[in-house]
Amino acid sequence: MKTTGWFQGLVSAAFVLSFALWGVSGVGCSGPSTNNSNDASVADTSGGNDTAPGEGTSVLPDDTTQPTPDTVTPAPDQPATGGVTWYKDVQPLIQKSCLGCHSKGGVGPFPLTSYDEVKANAGAVKWSIETGQMPPWSPSAQNTDKKDCEELEGARRLSPTEIKTITEWFDKKMPMGDPKDEKPYKPVVDSLDSIDAEVDTQTDYTPPGQSPDDYHCFLTKPVISDGKSKELTGFQFLPGVKSMVHHVLIYSVNKSYSQTLAGRYPEKHWPCSTGALINQGSFGKANLIGVWVPGTDVVRFPQDTGIPMNDGDQLVLEIHYNLSALKGPQPDRSTIRLQYAKQPVKHRMSLSLQLQFQLNIPPNSKDSKATNNRIVPSKIRVWGMMPHMHKFGSKFSVDWTLASGEKKCLIDIPKWDYNWQQTYFFKNPGGVIMNPNDKTFMTCTYNNPTDQTIRWGDKTGDEMCLTFYFISAP
Ligand code: HEC
């Protein structure tokens with residue numbers, strides 16, 4: 001069985017080459033036969049080999065995957081002294097988990113900064129918390145549905161006890177309590193250790209406003225000015241109009257491809273569909289290096305890791321604007337700051353891709369699946385991942401079968417939300433070590449309510465099924 005990929009990219013000094021070596025560079029420019037030579041040996045679309053298809057998401061029941069508190073059994077370790085109140089119990093939780101987005105000028109559709117504002121939205125707030133809709137975090141919690149998933153860094157999640165406190169407060173008709181218990185709200189401000197490059201969208205761009213959603217790509221200036229290669233260790237994205245920027249895909253683009261793009265789009269910005277640069281025969285030339293969603297101040301790569309960047313690299317910022325929190329579109333100019341390593345990092349990360357582009361999602365179908373099974377050829381370290389599907393996606397998971405037969409789960413997203421896709425790093429310091437003959441089994445699940453068969457493509461009405469992995473030598 002021929003499986004190149006995971007590791008070969010690493011031995012190559014040029015980070016960008018790692019893509020080509022997966023055999024995926026042909027996706028945009030050549031027919032499926034090229035890809036089959038690599039994919040068919042490892043893809044498991046037909047079912048019926050040793051890796052049980054459906055291992056993973058297919059056994060999940062409907063969408064009842066969010067943790068709901070058991071409101072019947074009282075928790076014995078919770079003395080009910082005085083009962084729950086707004087000032088004492090609930091406000092601190094709202095401050096911690098909601099105000100990052102639901103305060104004035106934030107991306108949330110309404111502020112939740114006071115008792116009155118929460119009361120005015122009581123029904124929706126209670127529902128959103130009980131169902132796990134809010135705060136937005138798509139991967140399943142450990143110890144709920146899938147006990148063996150890797151823990152992820154930065155989970156925005158209320159604990160079952162916190163959810164219980166809030167629901168109880170609503171059930172008791174929202175007692176206000178004693179204002180003396182109020183703790184002032186201190187927004188957490190996070191920033192990079194150093195700002196080594198800062199570039200922006202180079203224009204004040206106003207979305208057309210005909211529809212609430214607009215996808216636009218911007219080519220930035222070069223991000224290295226002294227001609228020396230760097231290692232990117234983190235970034236901070238600063239939306240111009242905070243309430244309008246819903247999510248951003250960030251690509252690093254090499255010198256010659258930047259020139260190609262600048263030639264194609266002389267204004268250096270253009271309407272682009274979603275995941276546009278994942279799909280245009282651009283592997284190795286434009287690499288997705290991060291996804292930003294509101295509520296993330298700074299994205300830091302794991303300790304001692306970095307992504308190599310070369311002289312002449314520019315960025316493409318693919319911005320999804322959403323106008324629902326605004327009266328009308330406003331001009332936006334967003335900025336990104338980059339942080340480079342001061343010393344050479346211990347683990348030079350590159351990005352590796354697992355994908356299934358042979359999508360054939362039947363009309364009017366529910367829970368239709370695309371899978372891909374990949375065998376790890378040599379020892380690697382995996383630091384995190386960036387799954388990507390479009391709007392018909394309903395679930396995403398990657399199961400990890402060790403060579404010994406033990407089964408684990410790398411990530412499980414029981415309720416895919418296109419708007420809240422993001423970069424996930426594993427909490428485990430040092431990431432996850434994979435050994436030769438381990439397998440990663442990716443499952444993308446879709447609901448297609450339309451009358452059309454949905455296939456792979458970069459339009460919003462098309463679909464994708466892929467995940468990037470941040471990998472390094474072991
Ligand atoms: C990271 C940003 C963020 C955080 C944190 C957040 N929200 Fe939201 N919230 C949003 C956005 C954006 C929307 C608009 C719908 C969407 O895009 O998902 C929303 C929508 C809502 C809605 C409307 C119902 C809906 O799903 O459309 C409610 C109610 C809500 N949030 C409550 C909360 C509560 C309560 C918390 C804290 C427990 C919270 N949110 C935390 C960003 C956030």
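Visitor: Why is Arg333 called partly exposed?

Guide: The relative accessible area of Arg333 is 35%. Buried means under 20%, exposed over 50%, and partly exposed in between (1.4 Å probe, protein chains only), so Arg333 counts as partly exposed. This is a predicted model, in which local features need pLDDT of at least 70, side-chain atom pairs count only at pLDDT 80 or more, and totals for chains, interfaces and linings use all residues. Residues are numbered from 1 along each chain as its sequence is written, and side-chain values use heavy atoms, with hydrogens and water left out.

Visitor: How do you know that Arg333 and Asp200 meet in a salt bridge?

Guide: The rule asks for a side-chain nitrogen of Lys or Arg within 4 Å of a carboxyl oxygen of Asp or Glu. For Arg333 and Asp200 the distance from N to O is 3.1 Å, so the pair meets the rule. By this rule the count comes to 14 salt bridges.

Visitor: What makes His102 and Met134 donors to the iron atom of the ligand?

Guide: A donor is an N, O or S atom within 2.8 Å of the metal (3.2 Å for Na, K and Ca). His102 (NE2) and Met134 (SD) coordinate the iron at 2.0 to 2.3 Å, so both satisfy this limit.

Visitor: Why is the site of the iron atom called octahedral?

Guide: Six donors count as octahedral if opposite donors are over 155 degrees apart and all others between 65 and 115. The iron has 6 donor atoms, with angles of 86 to 179°, and its site is octahedral.

Visitor: Is His102 buried or exposed?

Guide: His102 has 10% relative accessibility, so it counts as buried, whereas Met134, at 31%, is partly exposed.

How values were computed
Four donors count as tetrahedral if all angles lie between 85 and 135 degrees; four count as square planar and six as octahedral if opposite donors are over 155 degrees apart and all others between 65 and 115; anything else is irregular.
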